[in-house]
Amino acid sequence: MKRSRAPLVVTIAVLIFFYLPILILVINSFNASRFSSTWGGWTLAWYARLWHEGEIWHAMQNSLIIAVSASAVSVVIGTLAAFALHRFDTRLQKTQYLLIYTPLVIPELLMGLSLLLFFVAIGMNLGLLTIFFAHVTFCISYVAMVVLGRLQDFDFSIIEAAQDLGANWWTAAVRVLLPLLAPGIIAGGLLAFTLSIDDFVITFFVAGPGSTTLPIRIYSMIKFGAPPLINALSTILLVVTFLAVWISQHLTEEKR
Amino acid sequence: MKNARSHLNELLVTLPSLLWLAIFFLIPTLIVLAIAFKPTDFYGGVGAGWTLETLRSLGNPNYPAIIWRTILLSIATTIICIVLAVPTGYYIARLGTRWRQIMLLLIIVPFWTSFLIRIYAWKVLLHPDGLIKKFLASLSIVDIHTSLLHNQWAVLLVMVYTFLPFAILPIYAAAEKFDYHLVEAARDLGARQWQGFYKVFLPGIRRGLLTAILVVFIPALGTYLIPDIMGGPDAEMIGNKIAQRVFVDRNLPHASALSALLTLAVFLPMVAVLFLQRKKDGSEPIIKESA
């Protein structure tokens, strides 16, 4: 059967569309010229200057604290949720599925505003803690979906075998299920980590004075100048993201 | 006895996420809806008592144009994303395992990459001193004084750029499961190439299409950062108005009223798609494909 060339052409065009802007940004981070359209030769000067920007490092520190803690907590909660969704087929799980699924689709802006109003209503000061709560909230859904995908290929007769051999429910879960699920759980955690460290919209709503994260810092740099520094900073973040995706793909594909 | 224990086990593994999401997702969403009926106090906070005044102020003559623009841009984004995602998803689904995994990785990377950085990359490209502007001007396609930034087209372009991976993933997942013998059978029975595509393939990946429409259109309605960075005053969307009410002229009840409107706009298509998917495919939950 003769196949049309169109899908190939569109796919290549889409990939160029995806990567051209990112590629130019990365190249420009090594551009000695301040202006993106003129090439001034290769340099690492912007990275060196980044090194001396105290505020950026402080923001990076905040981002790391939140990303590590939020992904740790959301991995635990999200994995439990995925397990419940997979194992039980009850009305409770239908409700749970809806609660986990909706945050994935609704605009981030709505989540940001609703959390802001919630924290204002209960009189909580905005800061790192409110950002942490917000990040755990959206990370749970992503972790649950990744782990759920992994659970679908899982053979539960292994658990039953462990129970037949005398393991109780929890021992079976911890000693048998958890190690087998580990790649999926780590992949979910990596996704949570990058989503948390990259999040701007929700963070912007629930951040307070003194809790500037890296994306918030980048946002004000975009609004108020310093392009070469943003290029360098963005490149670093891109490298972190590429690594995380690569590791996570590796983990989730291994078994297939 | 066994039943009661399994019930307890279910509660133990369900409660952490259920409670967390009830407290930090469900209750805050309800608070937004409630505050839409509250008056504004002197400092722009939430006043006492209940009122319809806040909702009435949505009749502000500026809003219909912005709401209309938000809907149009979201529909345009969805259509362009689907048109690009169908051939891409199809192509990737038909590749051999190795290339398919490489391509999938290439599609997933932008999905993980910072939203902010990707918007910024386009701002640099479209900047008056940027490459695209210089290139187009050198071909005399655009005048040297035309700005590529700060207009609706720039916003639309970056919206497509941002949401396209979300459209490709579910369509790919559906195309991968599709039985291509059906298209061959249709061809054998005399269908033309486009008929095989239009009448057999598209209905076959219907679920993936619906999911793709949902995961592009709904977040698109709430877009705020893209017009904020790329657009000027004539490219504002409803999201920008909400953010302005919060950060510029602090008026939380007004922001809530706008958000309540947006929430409604978001839930209508969601319920519609849920209904459409349920009708034909039984009770299998939607969107596993996109995660």
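The following conversation goes through a few of the labels given to parts of this predicted model.

Colleague: Why is the pair of A:F200 and A:F204 called stacked?

Modeller: A pair of aromatic rings is described by the distance of the centres and the angle of the planes. The centres of A:F200 and A:F204 are 4.9 Å apart and their planes stand at 25 degrees, and because rings pair within 6.5 Å and count as stacked when the planes are under 30 degrees apart, this pair is stacked. Over all chains, the structure holds 30 aromatic pairs.

Colleague: What makes the pair of A:F204 and B:F247 tilted?

Modeller: Here the distance is 4.6 Å centre to centre, with 40 degrees between the planes; an angle under 30 degrees would count as stacked and one over 60 as edge-to-face, so the rest, this pair included, are tilted.

Colleague: How do you know that this pair joins two chains?

Modeller: A:F204 belongs to helix α9 (residues 201-206) of chain A, while B:F247 belongs to helix α12 (residues 238-247) of chain B, and therefore the pair joins two chains.

Colleague: Which of the words buried, partly exposed and exposed fits A:F200, and which fits B:F247?

Modeller: A:F200 has a relative accessibility of 3%, and since buried means under 20%, A:F200 counts as buried. For B:F247 the value is 34%, which lies between the limits of 20% and 50%, so B:F247 counts as partly exposed.

Colleague: Why is B:L164 called buried, and where is B:L164 placed?

Modeller: The relative accessible area of B:L164 is 0%, and because buried means under 20%, the label follows. B:L164 is part of helix α7 (residues 152-177) of chain B, and its C-alpha is 9.9 Å in space from that of B:V215, although 51 residues separate the two in sequence.

Colleague: What makes you say that B:R94 sits over the ring of B:Y180?

Modeller: The charged end of B:R94 is 3.9 Å from the centre of that ring, and the distance part of the rule asks for a value within 6 Å. B:K38 likewise lies over the face of B:W50, at 4.1 Å from the ring centre.

Colleague: How many disulfides does the structure have?

Modeller: A disulfide is a covalent bond between the sulfur atoms of two cysteines. A search of the whole structure, over all chains, finds zero disulfides. As for single cysteines, A:C139 has a relative accessible area of 0% and is therefore buried, and B:C81, also at 0%, counts as buried.

Notes. Residues are numbered from 1 along each chain as its sequence is written. Chains are lettered from A and ligands numbered from 1 in the order in which they are written. This is a predicted model: local features need pLDDT of at least 70, side-chain atom pairs count only at pLDDT 80 or more; totals for chains, interfaces and linings use all residues. Side-chain values use heavy atoms; hydrogens and water are left out. Rings of Phe, Tyr and Trp (its six-membered ring) pair if their centres lie within 6.5 Å; planes under 30 degrees apart count as stacked, over 60 as edge-to-face and the rest as tilted. Buried means under 20% relative accessible area, exposed over 50%, partly exposed in between (1.4 Å probe, protein chains only). Helices (H or I, at least four residues) and strands (E, at least two) are DSSP runs, numbered from the N terminus. A charge sits over a ring if NZ of Lys or CZ of Arg is within 6 Å of the ring centre and within 35 degrees of the ring normal. A disulfide is a pair of cysteine sulfur atoms within 2.5 Å.
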